[in-house]
Each structure stands twice: as C-alpha cells, then as structure tokens.
Amino acid sequence: FHASRGGVSALGRVRALLGRAAGPDVRTTATGVARLDRLTVRYAGRVEPALDGVFAAFPRGSIVAVLGPSGAGKSTLLAALTGTLPADAEVSGAIHGVDPDAVAYAPQSPRVFAPTPRRELELAGAADPMRLLDEFGLAHLADAPASELSPGEVRRLAVARALARVDAGATLLVLDEPTAH
C-alpha cells in the first residue's frame, strides 16, 4: 500500500515535469554579429531582474569572457544564449544572430545522459570520442558507468561534450563555470 502511494506520487511528479512548457527563447538566427538587444530576464517570485536591458555584440569567431561577481547574472545570460531559461522566466528584448542548433554548452552543474563517457560523446557527435576522452584525461573511464564519475570528471566530460559539438559544426561555445571563491 505505502509503496503504491509512493509510486503514484512519483508518477504525478514525472507527469508534471513532462507537461512543463519549455523556457522562453528570444534567440533569432539572423546572420552577422551575435547581438543582445535590451535583454531583460526576471525570475518568478523576484522583484529585481537578473538581467536588465543588456546590450552586447559578439563578432563571429570571437572569444568572449563574461565576468562579474556572484549574482550579477552571468549564468542567466548564458542560459538565455543557450535557450535554457526556466519556463517561468519573464523575458523581453532579443538575441540576434545565434543559431539555436549551433550552440555547444557546458553548464556549471552538468549531467551525463548516456550510460558511459564514450557513448555520451558519441551522442554529442564526436567523430573520435577516444581522442576527446584522452585529451581530458578520461580515456581510462571510456566505458565506466557514468554514475561512477566524480563531479570533476563529469565537468571535464561536459567540456569534452561541448567541444564535440563544436567539432560537429556548432559555432558558439558557452562554458558556465562557477566563480572561484
């Protein structure tokens, strides 16, 4: 009886997650310079916006560092660039020149979706997963269960996954790293 009630509760949570709408996406695929145009993002339950009227331009092929103190909106900006804002975020303004299918992203708290690191990179489009695993010091874990990776190994795998997408044609690489304290 109790296990059944727990299962029904879990099923309800899963259905709620599956029914949730995707987050707002203000990206357009216009060619030229990637540009933020008055981008404002406000999270549900917060009075102050996480980003407020941000303007920026990123020439193609450039490398851009997003810097600022904790809470400045760096992760929010990166989530907007990658189209991964929460569904309840209020967004205005636009992001021009970013092809949603050409973004490679390594988040602060990455997750592994495949059963092994090798398979994770194959799913990301890596032509040679072993080369990437070796480059990131993970070759010895190529076929290890992903659940056994340490948090540091998962972060390195996330960067390797993002680079696999770049090698496969992504034009924007976004690395969201926590600020050192």
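**Strands, a glycine and a pocket**

Modeller: In the protein chain, of the contacts (heavy atoms within 4.5 Å) between residues at least 6 apart in sequence, 68% join residues at least 24 apart. This is a predicted model, in which local features need pLDDT of at least 70, side-chain atom pairs count only at pLDDT 80 or more, and totals for chains, interfaces and linings use all residues. Residues are numbered from 1 along each chain as its sequence is written, and side-chain values use heavy atoms, with hydrogens and water left out.

Biologist: Thanks! What makes up the chain, in helices and strands?

Modeller: There are 5 helices and 5 strands, in the order α-β-β-α-β-β-α-α-α-β from the N terminus. They are DSSP runs numbered from the N terminus: helices are H or I with at least four residues, strands E with at least two.

Biologist: How do you know that β1 and β2 pair?

Modeller: Pairing requires that DSSP finds at least two bridges between two strands. β1 (residues 34-42) and β2 (residues 51-58) have 5 bridges, in the antiparallel sense, so they count as paired. β1 also pairs with β3 (residues 90-96), antiparallel over 6 bridges. Arg35 shows both sides: its bridge partner in β2 is Ala57, and in β3 Arg35 stands opposite His96.

Biologist: Why is Gly53 called partly exposed?

Modeller: Buried means under 20% relative accessible area, exposed over 50%, and partly exposed in between, with a 1.4 Å probe and protein chains only. Gly53 has 30%, so the label is partly exposed. Gly53 lies in β2 and, leaving aside neighbours within four places in sequence, touches Arg38, Leu39 and Thr40.

Biologist: What makes Arg38 stand out in its phi?

Modeller: Most residues other than glycine have a negative phi. Arg38, in β1, has a positive phi near 55 degrees.

Biologist: And why is the second largest pocket called a pocket, with its volume of about 640 Å³?

Modeller: On a 1 Å grid over the protein atoms alone, a pocket is an open set of points with protein on both sides within 12 Å along at least five of seven lines, whereas in a cavity a 1.4 Å probe fits but cannot get out; lining residues have an atom within 4 Å of a point. The volume is the space filled by probe spheres set on the points, which are joined across faces, edges and corners. Here 23 residues line the pocket, with Thr84, Tyr105, Pro107, Phe113 and Arg161 nearest its centre. The largest share, 4 residues, comes from α2.
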